[in-house]
Amino acid sequence: MMMDRIADMLTRIRNAQQAGLEKVEMPGSNTLVSIAQILKAEGYIQGGKPYNYKGHRYLRLTLRYDDEGQPVIREIKRVSKSGRRVYAPATELPRVRNGYGIAVISTSQGLMTDKDARAKNIGGEVLCTVF
C-alpha cells in the first residue's frame, strides 16, 4: 500500500530521468495533477495527462531534457512528510536556490508556487522543492 503519493511521484520522476525515459506513468489523484500543472507551467516538464484505465486513474508525464540530453529538473525533493509536516507563513516561505527554483505550496486557495503564494500573501504547507 502506497502511503505518500507525492513522494512516490517525485521518486518516479527522478528514476525516469536517471534512466533517460521520455515518459513516466503513475497512479493519479487531483493533487498530483495539480503538481504536474505547476511543473508544466514553470517549464520543468513538457506535459501531464490524466487518464482512466479499467476504473483506475493514472497520470502520464512527459519529461523535458536540455539540448545536451540532461534533465531540466536538477533536484526535486519532498519537504513536508507524513511524519513531519512543514508549514510556513507567507513571510517565511522558502526561496529555492535564490529564486531559480520553486517550492510547491498547499494553500487554502489550492496548490501554487512559492512566488504566487508570496504575491497573494498566503502561507501553507510546503510540499516539495524543484530546481
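Which strands and helix cover the buried residues of H1? The tour of this predicted model begins with that helix and returns to the question once its buried side has been located.

**Stop 1: helix H1**

Select residues 5–19, which form helix H1. At 1.5 Å a residue, these 15 residues should span 21 Å, and the end C-alpha atoms are indeed 21 Å apart, so the expected and modelled values agree. Next, highlight Ile6, Met9, Leu10, Ile13, Ala16 and Gln17, the buried residues of H1. They cover an arc of only 130 degrees around the axis, which places them on the same side of the helix. The spacing follows a general rule: an α-helix has 3.6 residues a turn, so residues three or four places apart point the same way. Rotate the view to the face turned away from this buried side, where the exposed residues Gln18 and Ala19 are found.

The opening question can now be answered. The cover over the buried residues of H1 includes strand E1 (23–27), helix H2 (30–41), strand E3 (56–63), strand E4 (76–78) and strand E8 (124–130).

**Stop 2: the two ends of H1**

At the start of the helix, select Asp4 and Ile6: a side-chain oxygen of Asp4 comes to within 3.3 Å of the backbone nitrogen of Ile6. At the other end, select Gly20, just after H1, which adopts a positive phi of about 75 degrees.

**Stop 3: salt bridges**

The structure contains seven salt bridges; three are visited here.

Keep Asp4 selected and add Arg78. Their side chains form a salt bridge, with an N to O distance of 3.2 Å. Asp4 belongs to the segment before H1 and Arg78 to strand E4, so this pair ties together parts that are 74 residues apart in sequence. Arg78 counts as buried because its relative accessibility is 16%, below the 20% cut-off.

Within H1 itself, select Asp8 and Arg12, whose side chains meet in a salt bridge at 2.8 Å, N to O. The two residues are four apart in the helix, about one turn. Asp8 is partly exposed, with a relative accessible area of 21%, and Arg12 is also partly exposed, at 31%.

The third pair is Arg74 and Asp66, with a salt bridge of 3.7 Å, N to O. Here Arg74 counts as exposed at 54% relative accessibility, whereas Asp66 counts as partly exposed at 27%.

**Stop 4: helix H2**

Move to H2, one of the elements that cover the buried residues of H1. Its twelve residues should span 16 Å at 1.5 Å a residue; the end C-alpha atoms are 17 Å apart, which agrees. Colour Leu32, Val33, Ile35, Ala36, Ile38 and Leu39 to show the buried residues of H2. Just after the helix, Gly43 takes a positive phi of about 85 degrees.

**Stop 5: two buried threonines**

From Ile38, proceed to Thr113, whose contacts beyond four places in sequence are Ile38, Glu42, Ile102, Ala103 and Ile105. Thr113 lies in strand E7 (residues 110–113) and is buried, with a relative accessible area of 3%.

Finally, select Thr129 in strand E8. Thr129 is buried, with a relative accessible area of 12%. Setting aside residues up to four places away in sequence, Thr129 touches Glu75, Ile76, Lys77, Val79, Val96, Ile102 and Ala103. Ile102 and Ala103 therefore appear in the contact lists of both Thr113 and Thr129.

Note on methods:
Residues are numbered from 1 along each chain as its sequence is written. This is a predicted model: local features need pLDDT of at least 70, side-chain atom pairs count only at pLDDT 80 or more; totals for chains, interfaces and linings use all residues. Side-chain values use heavy atoms; hydrogens and water are left out. Buried means under 20% relative accessible area, exposed over 50%, partly exposed in between (1.4 Å probe, protein chains only). Contact means heavy atoms within 4.5 Å. The expected span of a helix is 1.5 Å times one less than its number of residues. The arc is that of the directions from the helix axis to the C-beta atoms. A polar contact is a pair of N or O atoms within 3.5 Å; within protein, one must be able to donate a hydrogen and the other to accept it, and residues adjacent in sequence count only if both atoms are side-chain atoms. A salt bridge is a side-chain nitrogen of Lys or Arg within 4 Å of a carboxyl oxygen of Asp or Glu.
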